[in-house]
Amino acid sequence: MPPPPTMKKIRRWQRTLILALLSLSVVAPLIFVSHRLNFLTPDGRRDFLDDLSSFAYRPDPLKLNAIEQEGAEELEEPKQVVYKENDFGVAISNNSERTNDSEDSLTDGSRSNLLEVNVSEVDHHERQVEETQQKGLSLTDGEKRNLNETVMHNLDISTNSQSTRSENIEVGDKQSDRKATRRHQNSRSQYRKVTNHKVEEIKDQIVRARAYLSFAPPGSNSHLVKELKLRIKDMERIAGEATHDSDLPRSALQKMRHMEASLSKANRAFPDCSSMASKLRAMNHNVEEQLRSQQRQATYLVHLAARTTPKGLHCLSMRLTADYFALGPEQRKFPNENKINDPKLYHYAVFSDNVLASAVVVNSTVSAAKEEEKIVFHVVTNSLYFPAISMWFLLNPPGSATVHIQNMDNFKWLSKYSTSKKYDSNDPRYTSELNYLRFYLPEIFPALHKIVLFDHDVVVQQDLSGLWNANMEGKVIGAVQTCEESESSFHRMNMLINFSDPFIAKRFDVNACTWAFGMNLLDLQQWRRHNLTAVYHKYLQMGSKRPLFNTGSLPLGWLTFYNKTMVLDRRWQVLGLGSDSAVDGNEIEQSAVIHYDGVRKPWLDIAMRRYKNYWTKFVNFDCPLLQRCNLQA
């Protein structure tokens with residue numbers, strides 16, 4: 001049955017209404033957008049592009065900062081608790097980079113904002129002029145001029161504000177740069193602090209690993225034993241000769257972690273703590289015994305080297321001796337022999353059997369003197385080295401100074417005295433008669449009134465003429481004291497003298513201040529007045545019958561010149577360059593005389609390298625004789 005006509009009309013109207021709505025939904029947006037953009041006119045296109053450019057190039061600094069902070073929080077690494085010193089420098093660089101990046105982003109954002117504000121203002125003024133012209137408004141010349149002045153005024157204001165803000169930014173940049181530099185320098189100064197924590201930890205790990213290996217049964221070849229042996233080899237190879245953490249390779253931290261993991265396995269395998277403690281005590285005892293044994297051996301070898309004449313010096317003496325005996329009697333004479341006994345001149349003496357040592361004493365004294373023509377040097381040696389020392393100074397005269405070489409075997413009066421025969425010692429430093437000739441100075445130089453006595457292990461750095469004007473106030477010897485407990489040269493009377501003997505305890509004060517040989521000013525007239533040579537012989541004979549003092553000339557000097565010593569300023573002589581490795585460099589430079597007292601003399605291979613240059617600079621190692629004997633600095 002067909003539908004009624006009324007029903008057909010209703011359906012037709014519904015279809016028409018739906019199509020109309022669909023058409024409206026399609027056409028209406030097109031009309032709205034075309035009217036909005038006004039793209040058919042060039043002015044409308046320009047306005048649209050201006051709005052689009054201002055929208056596209058205007059960032060929101062608040063959103064950027066928020067994103068940057070959020071990213072920094074997400075990328076923040078957890079703090080390292082173990083082994084964080086190794087990554088200290090990396091952490092510093094990362095922090096500084098993040099700081100610089102954040103400051104650069106803020107600076108760039110501020111500058112872009114200033115630039116965009118200025119450009120937008122210019123565009124706004126240009127649009128005002130164009131809109132006015134489009135509307136057909138006719139502007140008079142005055143109105144145009146007013147409008148241009150307004151635009152330029154606004155531009156000036158914006159430019160001034162921009163320059164002010166840019167200056168503030170530059171100041172802020174400089175301050176931030178200074179702060180960053182200061183933080184970086186502080187961090188680097190902290191990083192430069194030398195540490196050896198990791199080196200010590202590696203050594204501890206090796207000791208623990210060896211202790212665990214000792215618990216394993218003999219011949220065991222288990223996986224844990226192999227692993228510990230491998231770890232020990234790795235750690236020993238890494239540590240090597242390292243003394244500071246900076247000497248370790250980059251892989252040290254990873255190797256330490258692997259070793260710690262292996263030690264944890266060993267701890268689980270051998271949990272008995274009492275056994276571990278006993279083993280460690282036994283290992284510690286063995287190491288201490290080995291250390292004491294090596295120290296005794298090293299001390300013996302050092303003293304053996306000190307008592308031995310180096311091969312090069314022996315070669316030099318032999319060659320000089322041969323050359324000396326090849327000379328005629330007239331060629332062996334020294335010039336200026338008339339000055340030898342002149343008491344008005346500056347007389348210096350050194351007793352030595354070492355060619356180079358005596359040469360350095362003479363050369364350094366003459367080179368530092370202001371009036372070297374007034375210097376007379378008396379070198380006393382034995383018959384074995386007399387030809388060699390004489391030949392050396394014949395070939396190498398010390399400028400205009402006078403040199404007098406004497407042979408102690410020609411002192412006929414010395415045969416009635418006994419000096420070193422009473423001592424039971426094999427050390428030539430104590431048994432050599434040259435060491436005790438200092439107590440016979442008035443007999444050796446009967447015509448002199450004053451003399452300065454040097455040990456042959458000293459170097460003179462300054463002019464010593466001021467010593468001759470010193471008022472000795474009736475004292476016999478001038479010397480530098482050694483009674484300061486804070487110094488390495490410190491000595492007490494009871495260190496070398498036996499105060500348990502009633503004779504010594506009654507006549508001497510144990511707290512009396514001691515002094516040193518090396519460089520001493522002696523008044524020979526006062527010496528003769530007090531007859532101190534006889535006093536010396538009295539103590540020498542008493543010491544041969546009972547133990548009153550140690551072997552050597554120093555304790556005899558303290559007894560002989562007791563209460564007859566004038567104290568010299570410490571700047572005249574610095575001690576310890578042959579025994580102390582921590583002598584202050586400034587003190588050495590300011591001292592008039594430096595003394596290599598001790599066993600490590602500057603001409604030996606065991607000399608301290610940091611002090612040797614003060615001595616070697618007075619030796620001409622380019623001399624053909626020294627080169628033939630292979631003597632080098």
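Buried means under 20% relative accessible area, and by that cut-off C623, at 14% relative accessibility, counts as buried. Please keep in mind that this is a predicted model. A search of the whole structure finds two disulfides and 22 aromatic pairs. The notes below go through the cysteines, then the aromatic rings, then charges over rings, and end with a nonpolar surface patch.

**Cysteines and disulfides**

- One disulfide joins C315 to C629, with an S to S distance of 2.2 Å. Its torsion about the S-S bond is -70°, and the link of C315 and C629 is left-handed.
- C315 lies in helix α10 (residues 311-325) and C629 in the segment after α22 (624-628), so this disulfide ties together parts that are 314 residues apart in sequence.
- C629 has 7% relative accessibility and therefore counts as buried.
- The other disulfide is formed by C483 and C513, whose sulfur atoms are 1.7 Å apart. Because the torsion about the S-S bond is about -65°, the disulfide of C483 and C513 is left-handed.
- Distant parts of the chain are linked by this pair: C483 sits in the loop between β6 (477-479) and α15 (493-496), while C513 sits in the loop between α16 (502-507) and β7 (519-523), 30 residues apart.
- Both ends of that link have intermediate accessibility: C483 is partly exposed, with a relative accessible area of 27%, and C513 is partly exposed at 30%.
- If you number the bonded cysteines of the protein in sequence order, the pairing reads 1-4, 2-3. C623 is in no disulfide, and the nearest cysteine sulfur, that of C629, is 9.3 Å away.

**Aromatic rings**

- A pair of aromatic rings is described by the distance of the centres and the angle of the planes.
- Among the 22 aromatic pairs found in the whole structure is that of F411 and W413, which is stacked, at 5.4 Å centre to centre and 15° between the planes.
- How accessible are the two partners? F411 counts as buried at 12% relative accessibility, whereas W413 is partly exposed, with a relative accessible area of 24%.
- W515 and F561 form an edge-to-face pair, with 6.2 Å centre to centre and 65° between the planes.
- W515 lies in the loop between α16 and β7, and F561 in the loop between α19 (553-560) and β8 (565-567), so the pair ties together parts that are 46 residues apart in sequence.
- W515 is buried, with a relative accessible area of 5%, and F561 counts as buried at 2% relative accessibility.
- Which residues make up the aromatic cluster? F411, W413, F439, Y440, W515, F517, W527, Y536 and F561 form one cluster, and the stacked pair of F411 and W413 and the edge-to-face pair of W515 and F561 are among its members.

**Charges over rings**

- The charged end of R438 sits over the ring of F517, 4.2 Å from its centre, and F517 is one of the residues in the aromatic cluster.
- The charged end of R332 sits over the ring of Y324, 4.7 Å from the ring centre.

**A nonpolar patch on the surface**

- V26, V27, L30 and I31 make a nonpolar surface patch of about 380 Å².
- Within this patch, L30 lies in helix α1 (residues 5-37), and L30 counts as exposed because its relative accessibility is 59%.

Conventions. Residues are numbered from 1 along each chain as its sequence is written. This is a predicted model: local features need pLDDT of at least 70, side-chain atom pairs count only at pLDDT 80 or more; totals for chains, interfaces and linings use all residues. Side-chain values use heavy atoms; hydrogens and water are left out. Patches are made of residues with over 30% relative accessible area and no salt bridge: like charges are joined within 9 Å, nonpolar side chains (Val, Leu, Ile, Met, Phe, Trp, Tyr) within 5 Å. Accessible areas come from the Shrake-Rupley method with a 1.4 Å probe; for residues, only the protein chains shown count as cover. A salt bridge is a side-chain nitrogen of Lys or Arg within 4 Å of a carboxyl oxygen of Asp or Glu. Helices (H or I, at least four residues) and strands (E, at least two) are DSSP runs, numbered from the N terminus. Buried means under 20% relative accessible area, exposed over 50%, partly exposed in between (1.4 Å probe, protein chains only). A disulfide is a pair of cysteine sulfur atoms within 2.5 Å. Rings of Phe, Tyr and Trp (its six-membered ring) pair if their centres lie within 6.5 Å; planes under 30 degrees apart count as stacked, over 60 as edge-to-face and the rest as tilted. A charge sits over a ring if NZ of Lys or CZ of Arg is within 6 Å of the ring centre and within 35 degrees of the ring normal.
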